[in-house]
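Q: Please take a close look at one helix-helix packing in this model, with enough of its surroundings to place it in the whole chain. I would also like to know where the backbone takes up less common geometry.

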Amino acid sequence: MTGARLLGSGSALPKRVLTNADLAAQIDTSDEWIVERTGIRQRYIAGDDETTSTLAIAAARAAIDDAGIDASSIDLIILATATPDNTFPATATKVQHALGCNGGVAFDVAAVCSGFLYALATADSLLKTGMGTRALVIGAETFSRILDWEDRTTCVLFGDGAGAIVLEASDTGAAGDNDGPGILASRLHADGGQHDLLYVDGGPSTTQTVGHLRMKGREVFRHAVVNLASVLGEVIEEAGISVEDIDWVVPHQANARILDATARKLGIPREKVIITVDQHANTSAASVPLAFDVARRDGRIKSGDLVMFEAMGGGFTWGASLMRI
Ligand code: ACO
């Protein structure tokens, strides 16, 4: 097998919507400030009966329905999350059990907002080596549980949700076959030297608490634009395409200004960039597959389109993947 092609996608959001006006009633912020600086208008927040696994399972079921396959044929599940249900076992194993496909491979990937890109490249590699035949790649998060709700510089930026895709091992998408469906190129990076710009101040081995997200937003912004433009360039070069060949960019939804600045730097028209940050805010590893599913279901992304996925997050980690749908 030479790669992995898409069979379906799905997504899930918590029931509760929290608007900027709702937030302004709780902390010293305003709809105007949040919209102007980030493009965010609302976010979804998990209730007591919703967790990362319940959202992941709902997204996975929607993706399996869309693919028109039997869940029992899934033999590889990779779930990207920084907010697992428990420290262990991996949330992916809960998804596996709920879907009734026990016995295959199931594990979590922790690369924060880039988690879905890491999971996608890993699934592609494992399918290529025959470690699986049908994979579920999921991004699922409940960041609301690690936010400091008194810190207005961070709590207004994030939301909860999940997105999933089903991939199948395929003979297409190999180098030199850019017209066939599949993943044409992927690139991943990490720079552990940037830990202090974006991290959670707790964990099982340090404080024995879950901790809260801490961020130096302005510096993250600056690194995000540089790193994303650079990795997109690498993937474009590796695939041997030009920027004009890309039909859609599905970026990590952190901030509308980061999306605009990155697209501008590469000369990608804004109409080709899928934007859901206004509705979902930043859902970390869930944001790319969530935005992808929204754009497939509303008919923008179609079979045959060339789609660029990209993300950057805590670590720092960052990456991009190019897929022919
Ligand atoms: N409401 C009102 N005022 C606020 C708020 C708020 N929610 N948050 C901060 N402010 C104030 C600050 O206190 C500051 O006031 P001061 O000038 O009196 O000190 C002022 O607004 C400006 O603050 P800055 O932090 O300089 O604002 P900036 O223009 O940099 O915008 C933001 C902040 C939106 C966080 C921006 O830096 C950003 O988007 N960074 C990227 C971070 C990001 O997206 N991280 C997600 C994870 S990483 C990733 O996904 C790529």
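A: What follows sets out the chain as a whole, then the chosen helix pair, then a second pair for comparison, and lastly the buried loops and the backbone exceptions.

The model is a predicted one. Its protein chain contains ten helices and 13 strands, and the C-alpha trace extends over about 55 × 45 × 40 Å along the principal axes. For 325 residues a compact globule would be expected to have a radius of gyration near 20 Å, and the 18 Å of the protein chain agrees with that expectation. Of those 325 residues, 53% count as buried. When contacts between residues at least 6 apart in sequence are considered, 77% of them join residues at least 24 apart.

The part chosen for the close look is the packing of H7 on H8. Two packed helices are described by the angle between their axes and by the distance between those axes. For helix H7 (residues 217-239) and helix H8 (256-266), the axes come within 9 Å and cross at roughly 40 degrees. An angle from 35 to under 65 degrees falls in the oblique class, and H7 and H8 are therefore oblique to each other. Their crossing is right-handed. On the H7 side the meeting residues are Phe-221, Ala-224, Val-225, Leu-228, Ala-229 and Leu-232, and on the H8 side they are Ile-258, Ala-261, Thr-262, Lys-265 and Leu-266. By type, the residues of this contact divide into nine nonpolar, one polar and one charged.

Within this contact, Leu-228 of H7 deserves separate attention. It has 26 C-beta neighbours inside 10 Å, and because the threshold for burial is 20 or more, Leu-228 counts as buried. Leaving aside neighbours within four places in sequence, Leu-228 is in contact with Thr-262, Glu-310, Met-312 and Trp-318. Thr-262 belongs to the H8 side of the packing, whereas strand E12 covers 306-313 and strand E13 covers 317-324, so the contacts of Leu-228 with Glu-310, Met-312 and Trp-318 reach these two strands. In addition, the C-alpha atom of Leu-228 is separated by 9.4 Å from that of Pro-251, although their positions lie 23 residues apart in the count along the chain.

As a comparison, helix H3 (residues 52-67) and helix H4 (residues 91-99) have axes that come within 9 Å and cross at roughly 50 degrees. H3 and H4 are therefore oblique to each other as well, and H3 passes H4 in a right-handed crossing. The H3 residues in the contact are Thr-52, Ser-53, Ala-56, Ile-57 and Ala-60, and they face Thr-91, Lys-94, Val-95, Ala-98 and Leu-99 of H4. This contact divides into six nonpolar, three polar and one charged.

Beyond H8, the loop that leads to H9 holds Ile-274. Ile-274 is buried, with 23 other C-beta atoms within 10 Å, and, not counting residues up to four places away in sequence, it touches Trp-248, Val-249, Val-250, Ala-291 and Ala-295. Ala-291 and Ala-295 are among the buried residues of H10. Ten of the eleven residues of H10 are buried, so this helix is largely enclosed by the rest of the structure.

There remain the backbone exceptions. Most residues other than glycine have a negative phi, and most peptide bonds are trans. Ser-284, in the loop between helix H9 (277-280) and helix H10 (287-297), has a positive phi of about 55 degrees although it is not a glycine, and it is buried, with 34 other C-beta atoms within 10 Å. Val-112, likewise not a glycine, has a positive phi of about 50 degrees; it sits in the loop between strand E5 (105-109) and helix H5 (115-128) and is buried, with 26 other C-beta atoms within 10 Å. Two cis peptide bonds can be added to the list: one joins Phe-88 and Pro-89, with omega about 0 degrees, where Pro-89 is in the loop between strand E4 (76-80) and H4; another joins Gly-315 and Phe-316, with omega about -10 degrees, where Phe-316 lies in the loop between E12 and E13.

Notes
Residues are numbered from 1 along each chain as its sequence is written. This is a predicted model: local features need pLDDT of at least 70, side-chain atom pairs count only at pLDDT 80 or more; totals for chains, interfaces and linings use all residues. Axes are lines fitted to C-alpha atoms, for helices over the stretch in contact, and angles run from 0 to 180 degrees between N-to-C directions. Helices (H or I, at least four residues) and strands (E, at least two) are DSSP runs, numbered from the N terminus. Angles under 35 degrees count as roughly parallel, over 145 as roughly antiparallel, 65 to 115 as roughly perpendicular and the rest as oblique. A crossing is left-handed if the near helix is turned anticlockwise from the far one by less than a right angle, and right-handed if clockwise. Two residues are in contact if their C-beta atoms, placed from the backbone, lie within 7 Å. Ala, Val, Leu, Ile, Met, Phe, Trp, Tyr, Cys and Pro count as nonpolar, Asp, Glu, Lys and Arg as charged, and the others, Gly among them, as polar. The radius of gyration is taken over C-alpha atoms; the globule rule is 2.2 Å times the number of residues to the power 0.38. A residue is buried if 20 or more other C-beta atoms lie within 10 Å of its own, exposed if 12 or fewer, and partly exposed in between; C-beta atoms are placed from the backbone.
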